[in-house]
Amino acid sequence: MKSQADECLACSCVEIGSVIDGSECSTPIDQTFESRDAAEQALQLLTAKVRKAENEPAQINVEIAPKDDQFHLNGEVIFGCQAENLIFQLSLR
């Protein structure tokens with residue numbers, strides 16, 4: 001998304017085309033868990049949220065890797081358009 005949007009000073013409105021410009025279609029994933037089971041559960045939840053947000057199949061390029069005594073969920077999710085990515089990001093909050 002663009003960092004600076006064109007605003008109408010009179011009404012404090014932002015043109016939606018300035019915010020959603022189609023350039024940000026992926027979300028990085030970087031989380032650490034105490035156990036492999038917790039990481040796998042998080043990946044299942046993440047996958048379910050991706051499937052709810054996608055219109056066309058999204059790419060889920062996320063892996064679980066051991067790191068010290070923990071398990072690291074790392075990668076990215078790539079959507080076909082920025083609107084789907086935005087919906088997914090909002091579902092993570």
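**Group meeting: a walk around the pocket and the sheet**

Okay, let's start with the pocket. The residues lining the largest pocket are P28, I29, D30, Q31, A42, L45, L46, K49 and L92. Two elements each give two or more residues to that lining, namely strand 3 and helix 2 (36–53). As for volume, the largest pocket holds about 160 Å³ of space. Before I go on, keep in mind that this is a predicted model.

Now let's step back to the whole chain. You'll find three helices and five strands in it. If you read along the sequence, the pattern goes β-β-α-β-α-β-β-α. The chain has 93 residues, and 24% of them count as buried. Its accessible surface comes to about 6400 Å², with 49% of that belonging to carbon and sulfur atoms. And here's one on contacts: take those between residues at least 6 apart in sequence, and 59% of them join residues at least 24 apart.

On to the strands, and I'd like you to find strand 5 on the screen. Strand 5 covers residues 70–78, and eight bridges join it to strand 3, residues 26–33, with the two running antiparallel. Strand 5 also pairs with strand 4, residues 59–67, again in the antiparallel sense, this time over nine bridges.

A good residue to look at here is N74. Which residue stands opposite N74 on the strand 3 side? That's D30, and we've met D30 already, in the lining of the largest pocket. N74 is also the bridge partner of E63. So much for N74; a little further along strand 5, E76 is the bridge partner of N61. While you have the strands in view, one general reminder: in a regular strand, side chains alternate between the two faces of the sheet.

Next, I78, which is in strand 5 too. Which residue has its C-alpha atom 4.3 Å from that of I78, although the two are 52 residues apart along the chain? It's S26. If we leave aside the neighbours within four places in sequence, I78 is in contact with C25, S26, A58, Q59 and N61. So is I78 buried, exposed or partly exposed? I78 counts as partly exposed, because its relative accessible area is 25% and buried would mean under 20%.

Now slide over to the turn. Strand 4 and strand 5 form a hairpin, with two residues between them. One residue in that turn is D68, in the loop between the two strands. What's worth a look is the backbone there: phi of D68 is near 60 degrees, which is a positive value in a residue other than glycine. And D68 is exposed, with a relative accessible area of 75%.

Last stop, charges. How many salt bridges does a search of the whole structure find? Just one. In general, side chains of opposite charge can pair when their charged atoms come close. Here the pair is E54 with R51, and the closest N and O atoms are 2.9 Å apart. R51 is partly exposed, at a relative accessible area of 41%.

To recap: there's a largest pocket with strand 3 and helix 2 in its lining, strand 5 pairing with strand 3 and with strand 4, a hairpin turn with D68 in it, and the salt bridge between E54 and R51. That's my tour, thanks everyone.

Technical notes:
Residues numbered from 1 in each chain as written. Predicted model: local features only at pLDDT ≥ 70, side-chain atom pairs only at ≥ 80, totals over all residues. Heavy atoms only, no water. Pairing = 2+ DSSP bridges. Helix = DSSP H or I, 4+ residues; strand = E, 2+ residues; numbered from the N terminus. Buried < 20%, exposed > 50% of the residue type's maximum accessible area, 1.4 Å probe, protein only. Contact = heavy atoms within 4.5 Å. Areas by Shrake-Rupley, 256 points an atom, 1.4 Å probe, with all protein chains shown as cover. Salt bridge = Lys/Arg side-chain N within 4 Å of Asp/Glu carboxyl O. 1 Å grid on protein atoms, 1.4 Å probe; cavity = no way out; pocket = protein on both sides within 12 Å on 5 of 7 lines; lining within 4 Å. Points joined across faces, edges and corners; volume = space filled by probe spheres on them.
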